[in-house]
Structures are given as structure tokens and as C-alpha cells.
Amino acid sequence: MSDSSPAIVVRHVWAGYDRDPVLEDINLVVEAGDFIGIIGPNGGGKTTFLKVLLGLIRPRQGTVEIFGRPVERGRRFIGYVPQGSEFDREFPVRVRDVVRMGRLGRRPLLRRYNAKDDEIVDRALKQVEMLEFVRTPIGQLSGGQRQRVYIARALASEPRVLLLDEPTASVDPKMQRNIYELLRELNETIPIVLVSHDLGAVSTYVKTIGCLNRRLFYHGEKQISAEMLEKTYQCPVDLIAHGVPHRVFPEHHCHHEG
């Protein structure tokens with residue numbers, strides 16, 4: 001159980017709801033320095049996969065370890081950035097208080113925030129270039145600014161691996177680039193896994209890409225083969241080809257009815 005263990009090790013995991021297996025025989029190793037984009041269609045199991053990694057869903061079969069520990073003990077090392085919700089926009093809470101929530105798991109119950117907590121909160125906001133908005137109500141920020149605040153909240157938990165769910169959903173293209181550049185900088189010190197259905201957005205920035213559609217096709221490479229896409233997506237070419245740099249995708253010949 002040394003801290004040189006991989007960040008995440010998933011072995012032969014099956015998981016789902018009731019009797020329906022959403023994830024089938026999932027295997028993944030996340031090493032230090034990894035920046036993995038996992039793409040897949042809606043309903044393909046991306047959210048279920050994140051819930052398994054966070055210990056919110058127990059696998060029916062297989063094992064998950066976080067830094068050599070079972071999920072129950074290892075998940076404290078995970079910083080999680082969920083999809084932004086519209087509820088947050090209506091909630092009258094200031095940026096500092098949102099980011100402070102990242103400290104909750106790091107302190108005894110009912111202990112007041114102290115100077116160290118505030119220092120870590122300020123450092124996280126500085127990392128995402130949002131310190132000047134520390135007193136701003138979250139609802140007054142743009143979608144991209146809110147997403148930076150959620151990343152700061154995750155960083156305030158002092159994570160050793162970062163998971164993100166659709167990090168640039170409902171964010172304008174310019175801010176998307178800013179967020180991915182920020183993640184690239186964070187990746188210099190921490191491994192990152194993000195899930196998205198938008199391959200065009202992630203393909204330029206991540207180091208490796210996997211495809212998840214009940215099963216995970218991941219070989220630690222950036223190149224995605226036509227075979228992987230056909231297995232994963234049944235080849236919806238419109239979704240795949242839009243705006244994607246050609247270096248990521250080999251040309252593939254797949255005919256489907258529209």
C-alpha cells in the first residue's frame with residue numbers, strides 16, 4: 001500500500017442498477033502524470049463509472065483501488081468536479097463559501113474554518129484565476145467562471161487525482177479553451193480523468209483517450225481506431241467527425257443509414 005501505487009486501479013468491474021449491468025468488465029489503470037479523456041455516448045455508462053470511482057455505487061464484481069486502498073478509504077484523495085447545475089445559479093452563496101466546501105472532508109465535524117482553511121481556499125482560487133471574485137455570489141458568474149470555481153472547490157480538498165464530469169458543458173468555446181489550458185497546467189502535478197461526450201473538445205488537450213459504451217476501450221494511446229469507434233458508438237460519424245483534428249482520427253470508412 002505504498003504511495004507509489006497507481007492513482008486508480010480498476011479490475012474487471014461490473015456495475016449497474018437493479019439487474020441491468022451498465023458497466024461490463026471495466027479495466028483501467030491511472031498513473032501519475034496521466035491526463036485521460038473518456039468519451040462515450042449518453043447512456044454509455046460514463047456517470048455510473050464516476051460513481052463507482054467515488055464509492056457511490058458498489059461494483060457487483062471486480063475491484064477498485066485508489067492509491068492502493070479500497071475506495072472507502074482511498075476516495076478522500078479524489079477531487080471531483082461534477083457537471084455544473086442550474087440550482088447552483090439560484091443559490092445565494094458566495095464564491096469563497098463554495099470553495100470552502102472542499103475543506104469539509106478535511107476537518108473534524110463541527111470544527112470551525114480556520115486560517116489554514118482560508119489560506120488553502122485562497123490558493124485554490126488563485127490557481128484557477130478567480131481570487132478577485134471571492135465575495136461574488138456564484139449566480140452572478142458566467143458558466144465558465146462557475147466551472148473554475150468548482151475546480152477550485154475540488155482543489156481545496158488537496159486531492160491527489162482529479163475527476164471531472166463534462167467539464168465544459170454549457171461553456172462558451174473561448175472559456176472551454178481556458179478551462180482545458182488550466183487542466184493542462186494542473187496535470188503537471190496531478191493525474192486527471194475527465195469524461196465527456198464531446199470528443200472535439202477533449203481531443204486536443206488530453207494525453208490519451210478511451211471510449212466507454214458499457215465496455216471501456218482504452219489502450220493508453222491518443223490514437224483512436226475506426227474499430228474502437230465502431231464498437232463503442234456504432235459509428236455515428238456526425239458526432240465523431242465534427243471539428244476534430246485529423247491527427248487524432250485515422251480516416252475510417254463506415255456507412256450507416258441517416
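Two strands are said to pair if DSSP finds at least two bridges between them, and the strands themselves are DSSP runs (E, at least two residues), numbered from the N terminus like the helices (H or I, at least four). The model is predicted, so local features need pLDDT of at least 70 and side-chain atom pairs count only at pLDDT 80 or more, whereas totals for chains, interfaces and linings use all residues. Residues are numbered from 1 along each chain as its sequence is written, and side-chain values use heavy atoms, with hydrogens and water left out.

**Exercise 1. Determine how strand 9 and strand 10 pair, and place them in their sheet.**

Step 1. Strand 9 (residues 208-213) and strand 10 are joined by three bridges in the antiparallel sense, and Asn213 has Arg215 of strand 10 opposite.

Step 2. The sheet is open and contains six strands in the order 6-7-8-3-9-10, with mixed pairing. Its edges are strand 6 and strand 10 (215-217), each of which pairs on one side only.

Step 3. Ignoring direction, neighbouring strands of this sheet are turned by 20° against each other on average; axes here are lines fitted to C-alpha atoms, for helices over the stretch in contact, and angles run from 0 to 180 degrees between N-to-C directions.

**Exercise 2. Identify the strands of this sheet that helix 1 and helix 6 touch.**

Step 1. Helix 1 (residues 46-53) packs on the sheet and touches strand 3 (35-39), strand 6, strand 7 (161-165), strand 8 (192-196) and strand 9, its direction making about 150° with that of strand 7. A contact means heavy atoms within 4.5 Å.

Step 2. Helix 6 also packs on the sheet, where it touches strand 6 and strand 7, and its direction makes about 165° with that of strand 6.

**Exercise 3. Trace the four-stranded sheet and explain what sets its edges apart.**

Step 1. This open sheet has the order 2-1-4-5, with antiparallel pairing. Strand 2 (20-30) and strand 5 (69-70) each have a single partner strand, so one side of each is left without a neighbour in the sheet.

Step 2. Strand 1 and strand 4 (residues 61-66) are linked by five bridges; Trp14 stands opposite Gln61 of strand 4, and Val9 has Glu65 as its bridge partner in that strand.

Step 3. Glu65 in turn has Pro70 as its bridge partner in strand 5, and strand 4 and strand 5 pair over two bridges, again in the antiparallel sense. Two residues lie between these strands in their hairpin, where Phe67 takes a positive phi near 50°.

Step 4. Phe67 is also touched by Ser5, which touches Gly68 as well, when residues up to four places away in sequence are not counted. Ser5 lies in the segment before strand 1 (8-17) and counts as buried because its relative accessibility is 18%, where buried means under 20% relative accessible area, exposed over 50%, and partly exposed in between (1.4 Å probe, protein chains only).

Step 5. Helix 1 lies across strand 1, strand 2 and strand 4, running at about 120° to strand 1.

**Exercise 4. Summarise the protein as a whole.**

Step 1. The protein has 10 helices and 10 strands, and 50% of its 258 residues are buried.

Step 2. Among the contacts with a separation of 6 or more, 65% are between residues 24 or more positions apart.
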